[in-house]
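Visitor: I'm new to this, so could you walk me through a protein model?
Guide: Sure, here it comes.

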Amino acid sequence: MSDALINGLAGAGGGIIAQLITYPLQSVNTRQQTERDVKRKKRKHGTIEQMCQVIKNEGWGRLYSGLAPSVAGTACSQGVYYYFYQIFRDRAEAIARDHKRNGIGDGSVGMLSSLVVAALAGCTNVLLTNPIWVVVTRMQTHMKNSKKSQPSPSSIAPTEKVLDPKEPPPYGTGHAVGVFPTLIMVSNPSIQFMLYETMLKKLKTKRALVKQGDTGVTALEIFLLGALAKLGATVVTYPLLVVKSRLQAKQITTGDKRHHYEGTLDAILKMIRYEGFHGFYKGMSTKIVQSVLAAAVLFMIKEELVGGARFLLTKGGTTTRKTRSA
């Protein structure tokens with residue numbers, strides 16, 4: 001079994017476990033990102049309070065709306081990402097070794113190379129798995145209206161155009177899918193892996209000096225490194241994530257067109273005009289908790305699975321060789 005396939009399968013397994021643990025937070029965060037009603041600022045709820053509101057008005061099941069395609073999407077996404085990441089990483093390491101033989105560099109993959117490797121893997125992942133996440137986002141943002149929450153005809157503003165629930169809202173494929181901002185969001189895992197690999201390299205180098213060549217890293221250290229790397233990446237790229245979620249969610253048609261986005265640039269300009277820069281950071285605290293926890297769990301479990309798989313394959317190979325020699 002190739003190293004890339006081992007990493008791909010381990011990434012898929014770690015992603016599934018992390019998704020199952022943090023999914024309710026992700027559902028609430030997606031609703032916070034896609035909220036377009038400016039008037040609701042006055043009655044803004046915290047994460048825990050909003051989760052309670054969803055449970056009260058829509059039931060426990062709504063927190064897990066879209067879980068099945070999300071788990072499938074996570075397995076595919078993480079599997080594809082780590083598979084191609086390892087392929088590109090091996091190639092980058094081979095180039096670094098060639099450069100060292102020619103007297104250039106120290107033979108290790110630098111920060112910029114790590115960024116390029118992660119970006120290439122991210123672009124491949126987005127182009128292959130983005131349609132799955134469109135489905136997930138729309139299932140998460142679908143509101144199950146109770147009788148109490150249904151608006152009366154008199155409460156609807158005259159400028160708003162009411163849609164038949166059976167009639168799909170009009171939106172074009174290009175801006176609904178949101179591939180462009182999703183491709184830009186490749187910068188998130190790129191920055192994340194650049195920070196992770198850089199911190200891991202420094203930790204191993206420092207440990208090798210202290211413990212005479214021992215570069216082993218514990219599961220807790222992997223957990224903390226993954227959390228720190230994701231925190232840095234999330235803070236930098238969060239506004240783009242909000243734009244992506246807005247475009248992937250179903251569009252709302254109103255008379256003044258404030259809530260209807262015709263594309264990435266149109267969404268950005270309308271958010272700045274009607275919501276201010278604050279609109280780009282809706283639900284950020286929830287996202288930080290959810291994404292940092294998910295990334296930390298993912299990195300820790302993935303590395304443990306990779307280590308276990310390599311051990312089993314090495315042990316199996318050794319046993320086979322011993323049997324043949326006997």
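Guide: First, a term: buried means under 20% relative accessible area, exposed over 50%, and partly exposed in between (1.4 Å probe, protein chains only). Also, this is a predicted model, where local features need pLDDT of at least 70, side-chain atom pairs count only at pLDDT 80 or more, and totals for chains, interfaces and linings use all residues. Residues are numbered from 1 along each chain as its sequence is written, and side-chain values use heavy atoms, with hydrogens and water left out.

Visitor: How far apart are the end C-alpha atoms of helix α2?
Guide: Helices (H or I, at least four residues) and strands (E, at least two) are DSSP runs, numbered from the N terminus. The expected span of a helix is 1.5 Å times one less than its number of residues. The twelve residues of α2 (residues 47-58) should therefore span 16 Å, and the distance between the end C-alpha atoms agrees: 16 Å.

Visitor: Which residues in α2 are buried, and within what arc do they fall?
Guide: The buried ones in α2 are T47, Q50, M51, V54 and E58. They line one face of the helix, because, seen down its axis, they fall within an arc (taken from the directions from the helix axis to the C-beta atoms) of 105 degrees.

Visitor: Why can residues three or four places apart point the same way?
Guide: It comes down to how the helix winds. Residues three or four places apart point the same way because an α-helix has, per turn, 3.6 residues.

Visitor: Which residues are exposed on the other side of α2?
Guide: Look across from the buried face. The exposed residues there are I48 and K56.

Visitor: How far apart in sequence are the parts that D3 and R310 tie together?
Guide: D3 and R310 form a salt bridge (a side-chain nitrogen of Lys or Arg within 4 Å of a carboxyl oxygen of Asp or Glu), with the closest N and O atoms 2.7 Å apart. D3 lies in helix α1 (residues 3-34) and R310 in helix α10 (residues 284-325), so the parts they tie together are separated in sequence by 307 residues.

Visitor: Is R89, the partner of E197 in a salt bridge, buried or exposed?
Guide: The closest N and O atoms of E197 and R89 are 3.6 Å apart. R89 has 11% relative accessibility, so R89 counts as buried.
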